[in-house]
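These are my notebook entries on one chain. I looked up its pockets and cavities, the packing of its helices, its salt bridges and a few single residues.

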Amino acid sequence: SNGGQGATLIFPADFQAEDVADDVADNAASGAGAGAEPEAFDAAAAWQRLSRAQRPLFLLGGGGPASGLGRRAQIAAARLCAALGGKAYAETFPARSERGQGLPDFDRLPYFPEPARAALDAADLVVLVGALPPVTYFGYAGHPSRLVPAERLLELAAPGQDAASRLEALAELAGAPAFEPVTAALPVPAAGALTPQSIAAVVARALPDQAIVSVEGGTCGYPLYAASAGAAPHTVLTNTGGAIGQGLPVAMGAAIACPERRVVAVLSDGSTQYTIQTLWSLAHENLPVTVLIAANHQYAILRNELRRGNAVLGERAAELTALDRPRIDWVGLAASYGVQASRATTSEELAAQLESALRQPGPVLIEMAL
């Protein structure tokens, strides 16, 4: 792997029994071959182009500590924004992002093309900091798939490269001021029935220091990212590329990899069904994972796509995107896998149940009824 990015090798099963020449094996182990050497970074050339920009925007990509969304790179990006009058966003679905107190409050680039274009079109230069060029997630009429033309892009670092050092070098060339963190105020959850915003506020206030948060689904994912700027320092893992089904397994993997850190999985009910058997593994290993299920019993993202352009959600479309016949009993489902569970219908209930769940040594699931 390189810079925290995974690699998958697929080959026919009968190759597993084949002998490999020593020199071939040695080259593979050392990473020798085309593309093995890191690309040289010309800070002066990058600064020459960046310094001419009137409205630069930094698009920060996720990954390891040296990625665009590691602590160092975020601080360097904030310094450059202050020096150049620029803006910065996290990529829409970062694999890993550091978040919380002591860091800049950079939001994620919006998912839908209209708000994404509103952010990107205002910039005369979009600087890719460990992020790929932004694209639409579906083919939308009136919107090119590539959200930014090549002539307005500057690739500072590709995914897996040392984005932090490159940003820091540019910050020095710019004479950027020192970073002065400003702790964002934690939102106060509205009392009563749960909403995505009240859920986000409750979770942000409850996150323990150095928690790992696996986020999957748009219902609470974006609201939580926005609300968590003032939370205790934590790491966010999102559903990379927009695919669904990874949220629960990623939470399990994080708990195994980092046993000293608490893991909170903020998931949606539809996508979690793809890998629901992970609950059994959490119980079997007694992993300290708190699973929060936003249960609105519908595929809301598909309904939002169907409603685009003020279109009416038809009766048949509503039926096909409903998840309430039969309605999943998440408390009963979790119990059948051996996971302690409860159901919250108000902000007050969620806050109390979450506080209790975070004290438990093993997995706990809370159904957040929307």
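Entry 1: burial and the pair R308–E114. I call a residue buried under 20% relative accessible area, exposed over 50%, and partly exposed in between. The model is a predicted one, and I read every value below with that in mind. I looked up E114 and found 36% relative accessibility, so E114 counts as partly exposed. Its partner R308, at 25%, is likewise partly exposed. The two form a salt bridge whose closest N and O atoms are 2.6 Å apart. Since R308 lies in the loop between α11 and α12 and E114 in helix α4, the pair ties together parts that are 194 residues apart in sequence.

Entry 2: other salt bridges. Side chains of opposite charge can pair when their charged atoms come close. I obtained a count of 12 salt bridges. One of them joins R99 to D105, with 3.0 Å between the closest N and O atoms. R99 has 2% relative accessibility and is therefore buried. I then turned to helix α12, where R316 and E319 meet in a salt bridge at 3.5 Å, N to O. These two residues are 3 apart in the helix, which means that about one helical turn separates them. R316 is exposed at 53%, whereas E319 is partly exposed at 40%. I also noted a network in which salt bridges with shared partners join R117, D121 and R152.

Entry 3: helix α4. I asked which residues of α4, spanning 113-121, are buried. They are P113, A116, A119 and L120. Viewed down the helix axis, the buried residues fall within an arc of 130°, so they line one face of α4. I looked up what this face packs against and found the strands β1, β2 and β4.

Entry 4: helix α6. For α6, residues 196-206, I listed S198, I199, A200, A201, V202, V203 and A204 as buried. Their cover includes the helices α7 and α14 and the strands β8, β9 and β11.

Entry 5: the largest pocket. I recorded a volume of about 690 Å³ for the largest pocket. Its lining has 31 residues, and Y111, G217, G218, I244 and I301 lie nearest the centre. Which helix supplies the largest share of this lining? It is α11, with 5 residues. Helices α7, α9 and α11 each supply at least two lining residues. By class I noted 15 nonpolar, 13 polar and 3 charged residues.

Entry 6: the second largest pocket. The volume here is about 410 Å³. I found 19 lining residues, with E91, F93, L132, Y137 and G241 nearest the centre. The lining divides into 12 nonpolar, 6 polar and 1 charged residues.

Entry 7: residue N239. I located N239 in the loop between β7 and α8. Its relative accessible area is 7%, so N239 is buried. Leaving aside residues up to four places away in sequence, I found that N239 touches F93, V215, E216, G217, I244 and Q246. Of these contacts, G217 and I244 are among the residues nearest the centre of the largest pocket, and F93 is one of those nearest the centre of the second largest pocket.

Entry 8: cavities. I counted 2 cavities of 30 Å³ or more. The largest has a volume of about 50 Å³. Its lining includes T92, L109, Y111, V135, Y137 and L147, and the α4 residues P113 and A116 also belong to it. The lining of the largest cavity holds 10 nonpolar, 2 polar and no charged residues. The second largest cavity has a volume of about 40 Å³. Its lining is made of V215, G221, L224, Y225, S228, H234 and V236. The elements giving two or more of these residues are α7 and β7, and α7 gives the most, with 3. I classed the residues of this second lining as 4 nonpolar, 3 polar and no charged.

Entry 9: residue I10. I placed I10 in the segment before α1. With a relative accessible area of 77%, I10 is exposed. I also took the C-alpha to C-alpha distance from I10 to V188, which is 49 Å, for a pair 178 residues apart in sequence.

Note on methods: Residues numbered from 1 in each chain as written. Predicted model: local features only at pLDDT ≥ 70, side-chain atom pairs only at ≥ 80, totals over all residues. Heavy atoms only, no water. 1 Å grid on protein atoms, 1.4 Å probe; cavity = no way out; pocket = protein on both sides within 12 Å on 5 of 7 lines; lining within 4 Å. Points joined across faces, edges and corners; volume = space filled by probe spheres on them. Helix = DSSP H or I, 4+ residues; strand = E, 2+ residues; numbered from the N terminus. Nonpolar A, V, L, I, M, F, W, Y, C, P; charged D, E, K, R; others polar. Buried < 20%, exposed > 50% of the residue type's maximum accessible area, 1.4 Å probe, protein only. Arc of directions from axis to C-beta. Contact = heavy atoms within 4.5 Å. Salt bridge = Lys/Arg side-chain N within 4 Å of Asp/Glu carboxyl O.
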